[in-house]
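Me: I would like a close look at a single part of this protein, explained for someone in their first year. Please connect the details into one picture.

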Amino acid sequence: MLKIDLLSKEPIVEQVYRGIRHEIASGRISAGQSLPTVRQLAGDLGISLNTVARSYRLLELDGLVNPIRGRGTVVADKEQTESVKEMSEIRLRVELRNLLTSAKLAGWSKHKLDSVLKAEAKSLWK
């Protein structure tokens with residue numbers, strides 16, 4: 001499911017958070033499906049329980065998951081995620097602008113950006 005790069009400059013909590021968001025967006029984890037328990041995921045990845053709990057909390061704040069007593073953390077249904085889509089559009093545009101700025105500063109051409117975007121989009125929209 002998730003892969004963590006312990007040598008990455010990106011904090012582990014962000015790697016877990018982004019990894020699960022990607023799994024939800026790609027449909028590999030669907031609405032109503034329970035995520036692994038904090039203890040299970042931390043053990044599988046070899047990371048701290050607190051790190052996984054913080055990642056799950058970020059997903060909850062985004063409205064993508066809900067903690068449900070007796071079921072654990074469950075992916076939100078479509079109705080819940082519709083309001084999330086509206087709220088996150090502004091944040092998404094800001095993140096996109098930041099990524100585009102980083103790509104330009106790194107010297108990427110429009111062609112390289114286009115090919116990378118297409119490849120990444122293909123992994124989400126099959």
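Which residues does Ser55 touch, not counting residues up to four places away in sequence?

Reply: Happy to help! A word on the basis: this is a predicted model, where local features need pLDDT of at least 70 and side-chain atom pairs count only at pLDDT 80 or more, while totals for chains, interfaces and linings use all residues. Residues are numbered from 1 along each chain as its sequence is written, and side-chain values use heavy atoms, leaving out hydrogens and water.

Now to your residue. Leaving aside residues up to four places away in sequence, Ser55 touches Val13, Val16 and Tyr17; contact here means heavy atoms within 4.5 Å. The side chain of Ser55 also reaches the backbone oxygen of Val13 at 2.8 Å. That pair is a polar contact: N or O atoms within 3.5 Å, where, within protein, one must be able to donate a hydrogen and the other to accept it, and residues adjacent in sequence count only if both atoms are side-chain atoms. Ser55 is buried, with a relative accessible area of 0%. Buried means under 20% relative accessible area and exposed over 50%, with partly exposed in between, using a 1.4 Å probe and protein chains only.

Ser55 sits in helix α3. Helices are DSSP runs of H or I with at least four residues, strands are runs of E with at least two, and both are numbered from the N terminus. Helix α3 covers residues 49-61, and its 13 residues reach 18 Å from the first C-alpha to the last, close to the 18 Å expected at 1.5 Å a residue. That expected span is 1.5 Å times one less than the number of residues.

Ser55 has buried company in α3: Thr51, Val52, Tyr56 and Leu59 are buried as well. These buried residues lie on the same side of α3 because they cover an arc of only 135° around the axis. The arc is taken from the directions that run from the helix axis to the C-beta atoms. On the face turned away from the buried side, α3 carries the exposed residues Asn50, Arg54 and Leu61.

What lies over the buried side? The cover of the buried residues of α3 includes α1 (12-26), α2 (38-45), β1 (65-68) and β2 (72-75). In α1, the buried residues include Val13, Val16 and Tyr17, the very residues that Ser55 touches.

The neighbourhood also holds the largest nonpolar core, which has 17 residues; Val16, Ile20, Ile24, Leu35, Leu41, Tyr56 and Leu59 touch the most other members. Such a core is a set of buried Ala, Val, Leu, Ile, Met, Phe, Trp, Tyr and Cys residues joined through side-chain atoms within 4.5 Å. Helices α1, α2 and α3 each supply at least two residues of this core, and α1 gives the most, with 4 residues. Leu41 shows how the parts meet: among its contacts beyond four places in sequence are Val16, Ile20, Val52 and Tyr56.

The two ends of α3 have details too. At its start, a side-chain oxygen of Ser48 reaches to within 3.0 Å of the backbone nitrogen of Asn50. Just after α3, Gly63 takes a positive phi of about 80°.

Stepping back, the protein has 5 helices and 2 strands, running α-α-α-β-β-α-α from the N terminus on. Buried residues make up 26% of its 126 residues.
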